[in-house]
Amino acid sequence: MKHIVNIFVILFFLISTSLTAEEKKIAYIDMDVIMNESKVGVSIKGQLEGIHKENIKGFKKTEEELKKEEQNILSQKNILEKKVYDEKISNLRDRAQNYRKERDAKINSLTKKRVEANSNLLSVLLPILTEYSKNNSINLLLQKKNIILGSSELDITENILKI
């Protein structure tokens with residue numbers, strides 16, 4: 001008799017939790033699509049790519065100058081005095097080291113700008129998602145990359161893109 005009561009209690013909890021789970025509405029969104037296809041996301045991506053291309057042009061130019069200077073110094077190795085030659089090599093190493101520091105600083109700056117831009121986009125997107133969830137009675141909104149399996153009917157990415 002005690003086992004029957006335990007079974008009924010367990011069944012009651014299972015049925016009640018399944019009923020409440022059915023009442024909850026869940027949806028997911030593909031944030032990568034939002035970042036890459038929304039007007040704001042495309043604009044941010046274009047600006048960051050422009051900065052990146054300019055940086056690469058500058059990097060290539062500086063690298064070519066350093067290579068030419070190195071070749072020039074190496075071609076004069078037998079002509080120059082050892083002290084002068086060592087001084088030129090030392091100056092070239094210093095310039096190369098400064099170039100590496102500058103390059104790393106620009107790369108870090110671009111990475112920081114990319115993170116800030118994504119953060120700003122998310123802060124703009126949050127009120128839109130909140131309002132959409134409220135209007136459509138969505139209780140839980142997940143990112144698509146965190147979902148293993150889900151019905152495509154639960155994907156609201158296109159709706160948010162339209163908004």
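## Glutamine 47, out on helix 3

With a relative accessibility of 52%, glutamine 47 counts as exposed, since the cut-off for that label is over 50%. Keep in mind that we're looking at a predicted model here. Glutamine 47 sits in helix 3, the stretch covering residues 39–75.

Now look across from there to arginine 114. Along the sequence, glutamine 47 and arginine 114 are 67 residues apart, yet C-alpha to C-alpha they are 9.9 Å apart in space.

## How helix 3 meets helix 4

Helix 4 takes in residues 82–135, and helix 3 packs with it at an angle of about 175 degrees. The two axes are 11 Å apart. That angle makes helix 3 roughly antiparallel to helix 4, because anything over 145 degrees gets that name.

What sort of residues make up the contact? Sorted by class, there are 17 nonpolar, 4 polar and 10 charged residues where helix 3 meets helix 4.

## A salt bridge from helix 3 to helix 4

Searching the whole structure turns up 5 salt bridges. One of them pairs glutamate 69 with arginine 95, and their closest N and O atoms are 2.0 Å apart. This pair ties together distant parts of the chain: glutamate 69 belongs to helix 3 and arginine 95 to helix 4, with their positions 26 residues apart in sequence.

Are the partners buried or exposed? Neither label fits: glutamate 69 is partly exposed at 24% relative accessibility, and arginine 95 is also partly exposed, at 38%. Both values fall in the band between the buried limit of 20% and the exposed limit of 50%.

## Salt bridges between sequence neighbours

Lysine 106 forms a salt bridge with glutamate 102, and here the closest N and O atoms are 3.6 Å apart. How are these two placed along helix 4? They are 4 residues apart in that helix, so about one helical turn separates lysine 106 from glutamate 102. Lysine 106 counts as partly exposed at 34% relative accessibility, and glutamate 102 gets that label too, at 44%.

Arginine 103 and aspartate 104 make up another salt bridge, with 4.0 Å between the closest N and O atoms. The relative accessible area is 25% for arginine 103, which makes it partly exposed. For aspartate 104 the figure is 38%, so this residue is partly exposed as well.

## Serine 133, tucked away

Serine 133 is another helix 4 residue. Is serine 133 buried or exposed? Its relative accessible area is 14%, so serine 133 is buried; the cut-off for that is under 20%.

Which residues does serine 133 touch, setting aside its neighbours within four places in sequence? The answer is Ile138 and Leu141.

## Glycine 150 in a loop

Past helix 4, strand 2 (140–143) and helix 5 (157–162) are joined by the loop that holds glycine 150. Glycine 150 has a relative accessible area of 39%, so it is partly exposed.

Where does the chain bring glycine 150 and tyrosine 28 relative to one another? The two are 122 residues apart in sequence, but their C-alpha atoms are 8.6 Å apart in space.

Note on methods. Residues numbered from 1 in each chain as written. Predicted model: local features only at pLDDT ≥ 70, side-chain atom pairs only at ≥ 80, totals over all residues. Heavy atoms only, no water. Buried < 20%, exposed > 50% of the residue type's maximum accessible area, 1.4 Å probe, protein only. Axes fitted to C-alpha atoms, helices over the stretch in contact; angles between N-to-C directions. Parallel < 35°, antiparallel > 145°, perpendicular 65-115°, else oblique. Nonpolar A, V, L, I, M, F, W, Y, C, P; charged D, E, K, R; others polar. Contact = heavy atoms within 4.5 Å. Salt bridge = Lys/Arg side-chain N within 4 Å of Asp/Glu carboxyl O.
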